[in-house]
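User: I would like to learn how to read a protein model, one feature at a time. Where should we start?

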Amino acid sequence: MNPFYSFDERLTRLAAEAESQAAEAFAAMDEVCAYNEAKVLHAFSECRVSESHFVGSTGYGYGDRGREVLDEVYAKVFGAEDALVRHNFVSGTHALTVALFGVLRMGDVMVSLTGAPYDTMEEVIGIRGEGNGSLRDFGVTYRQVDLLADGTPDYEAIKQQAVGAKIVYIQRSRGYSLRESFSVETIGKMIRAAKEANPDVIAVVDNCYGEFVEKTEPTAVGADLIVGSLIKNPGGGIAKTGGYIAGRHDLVELCSYRLTCVGMGKEVGCTLGESRGMFLGLYFAPSVVCSAVKTSIFALSLFSKLGYEVYPSFDAHRTDIIAAIALGDRERLVAFCQGIQKGSPVDSFVAPEPWDMPGYESEVIMAAGAFTLGASIELSADAPLREPYAVWLQGGLTYNTGKLGILLAAQEMASRGVLDPK
Ligand SMILES: *Cc1c(COP(=O)(O)O)cnc(C)c1O
């Protein structure tokens with residue numbers, strides 16, 4: 001294949017088969033990518049993005065045009081009335097926290113329509129922990145509509161639970177679960193069911209990992225707010241940090257009051273020098289997301305050929321960048337992650353080990369050798385050490401390097417004699 005890496009013969013053969021089997025799925029992603037690149041380019045042009053917008057402000061950041069225009073571009077790309085895009089969001093969890101605390105008040109009810117939320121949201125909501133300033137401590141009641149046994153939304157229960165709720169909360173991506181991620185179309189059905197029962201309910205979508213995987217975002221199907229992280233999809237591997245909230249103007253304003261101060265909201269907050277990276281990252285995002293999805297399609301195709309359970313199947317309609325592979329035991333998991341690490345451009349020489357990461361319930365192993373610490377739009381693999389010992393895989397800034405990372409993971413398993421399922 002090349003003089004730099006060598007793989008077992010069987011692996012090389014299966015990889016070629018996996019890739020040709022994926023040709024149609026790749027072509028479908030290319031089509032989505034072309035559409036989204038046109039959408040982003042058009043938004044840049046409509047918003048008259050100019051070099052002067054890349055100059056960073058200091059201090060209070062009054063009148064920072066770059067900050068304002070970036071918000072406009074995001075709003076246009078996401079088909080939203082308004083957006084709040086800031087490097088000050090330290091993570092996706094932080095952006096989601098600002099959105100929930102920005103909108104919810106004492107006595108309000110929040111209902112998750114997609115079962116248990118992402119692990120790090122449990123403490124924010126108050127499902128775990130007490131007396132630490134969670135939503136529950138501030139008098140917000142949390143309820144949850146579990147998914148049906150087949151992983152689909154429970155529309156009847158959604159209609160019942162939406163009554164009296166202030167917010168219905170939808171998580172697009174699978175997170176650390178093996179359920180399907182939800183398409184924008186399915187998210188629309190959930191929102192319609194909730195609003196049929198309660199027209200005033202505010203639909204908030206955790207859009208992490210979903211941006212640019214489809215041609216539209218949940219704002220097109222009734223989401224009042226969508227929220228995500230810039231070290232995932234929309235940062236395009238370029239933004240060094242940050243997050244966004246986009247949606248209804250009045251709600252984005254409330255969120256901005258929570259991020260800065262009531263009354264000041266979006267008018268303050270210097271950009272230092274971060275705007276250029278956030279613009280450039282958004283510009284690259286559709287194509288980087290496409291590379292990430294192709295990397296995941298390749299991994300799904302290869303590991304299903306090897307005999308593992310994979311989620312979703314390689315030819316599924318994609319709505320997030322995540323692939324999960326049930327590897328079955330600790331040894332396979334650790335070998336896989338250490339192989340991914342070997343295929344990273346940064347810190348390829350270190351070997352990740354399981355540890356107790358803050359915010360997560362069980363031990364976790366994380367492989368990531370990224371230009372941006374923790375960026376999961378770059379090739380990375382995470383796995384909680386619990387049954388069914390599944391690894392969640394995401395990212396790949398370019399397809400060819402992503403594919404090499406997957407092959408190095410498989411080769412590491414082969415070298416340790418654990419490539420085949422138990
Ligand atoms: C990553 C992620 C989050 C949280 O984002 P962080 O940046 O890790 O805090 C929330 N929800 C989902 C579905 C995610 O994938």
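Analyst: Start with a proline in a loop: Pro388 is found in the loop between E11 and E12. Keep in mind throughout that this is a predicted model. The peptide bond that joins Glu387 and Pro388 is cis, with omega at about 0 degrees.

User: Which other residues does a cis peptide bond join, and what is omega there?

Analyst: Tyr311 and Pro312 are joined by a cis peptide bond, and omega is about -5 degrees. Pro312 is in the loop between strand E8 (309-311) and strand E9 (323-326).

User: What is the phi of Arg48?

Analyst: Phi is positive at Arg48, about 55 degrees, although Arg48 is not a glycine. To place Arg48 in the chain, look in the loop between helix H2 (23-46) and H3.

User: Now the loops and their contacts. Where is Lys266 found, and what does its side chain reach?

Analyst: Lys266 belongs to the loop between helix H8 (249-259) and helix H9 (275-305). The Lys266 side chain reaches the backbone oxygen of Ala83 at 2.9 Å. A polar contact of 2.6 Å also joins the side chains of Lys266 and Asp82.

User: How do I read empty space in a model?

Analyst: The general idea is that rolling a probe the size of a water molecule over the atoms shows where empty space is left. Take cavities as the first case. The structure holds one cavity of 30 Å³ or more. The volume of the largest cavity is about 40 Å³.

User: Which residues line the largest cavity?

Analyst: The lining consists of Arg67, Leu70, Val85, Arg86, His87, Asn88, Gly269, Cys270, Thr271 and Met278. Helix H3 (65-77) and strand E1 (82-86) each give at least two residues to this lining. Sorted by class, the lining of the largest cavity has four nonpolar, four polar and two charged residues.

User: And the pockets: how much space lies in the largest pocket?

Analyst: The largest pocket holds about 940 Å³ of space. It is lined by 46 residues, and those closest to its centre are Ile231, Met357, Tyr360, Met366 and Gly374. Two or more lining residues come from each of H4, strand E10 (364-368), strand E11 (380-384) and strand E12 (390-394). By class, the lining of the largest pocket divides into 23 nonpolar, 17 polar and six charged residues.

User: Where does the ligand sit?

Analyst: The ligand sits in the largest pocket. To read its surroundings, list the residues around the ligand: Ser91, Gly92, Thr93, Leu96, Tyr118, Gln171, Asp206, Cys208, Tyr209 and Lys232. Helix H4 (residues 92-103) gives the largest share of this shell, three residues. By class, the shell around the ligand has four nonpolar, four polar and two charged residues.

User: Which atoms of the ligand lie at short range from Gly92, Asp206 and Lys232?

Analyst: Take the residues in turn. For Gly92, a backbone N or O atom lies 2.7 Å from an oxygen atom of the ligand. For Asp206, a polar side-chain atom lies 2.5 Å from a nitrogen atom of the ligand. For Lys232, an N or O atom in the side chain is 3.0 Å from an oxygen atom of the ligand.

User: How much of the accessible area of the ligand does the protein cover?

Analyst: On its own the ligand has 380 Å² of accessible area, and the protein covers 91% of that.

How values were computed:
Residues are numbered from 1 along each chain as its sequence is written. This is a predicted model: local features need pLDDT of at least 70, side-chain atom pairs count only at pLDDT 80 or more; totals for chains, interfaces and linings use all residues. Side-chain values use heavy atoms; hydrogens and water are left out. A residue is near a molecule or strand if one of its heavy atoms lies within 4 Å of it. A polar contact is a pair of N or O atoms within 3.5 Å; within protein, one must be able to donate a hydrogen and the other to accept it, and residues adjacent in sequence count only if both atoms are side-chain atoms. Accessible areas come from the Shrake-Rupley method with a 1.4 Å probe; for residues, only the protein chains shown count as cover. On a 1 Å grid over the protein atoms alone, a cavity is a set of points where a 1.4 Å probe fits but cannot get out, and a pocket is an open set with protein on both sides within 12 Å along at least five of seven lines; lining residues have an atom within 4 Å of a point. A molecule sits in a cavity or pocket if more than half of its atoms lie within 2 Å of its grid points. Helices (H or I, at least four residues) and strands (E, at least two) are DSSP runs, numbered from the N terminus. Ala, Val, Leu, Ile, Met, Phe, Trp, Tyr, Cys and Pro count as nonpolar, Asp, Glu, Lys and Arg as charged, and the others, Gly among them, as polar. Grid points are joined across faces, edges and corners, and a volume is the space filled by probe spheres set on the points.
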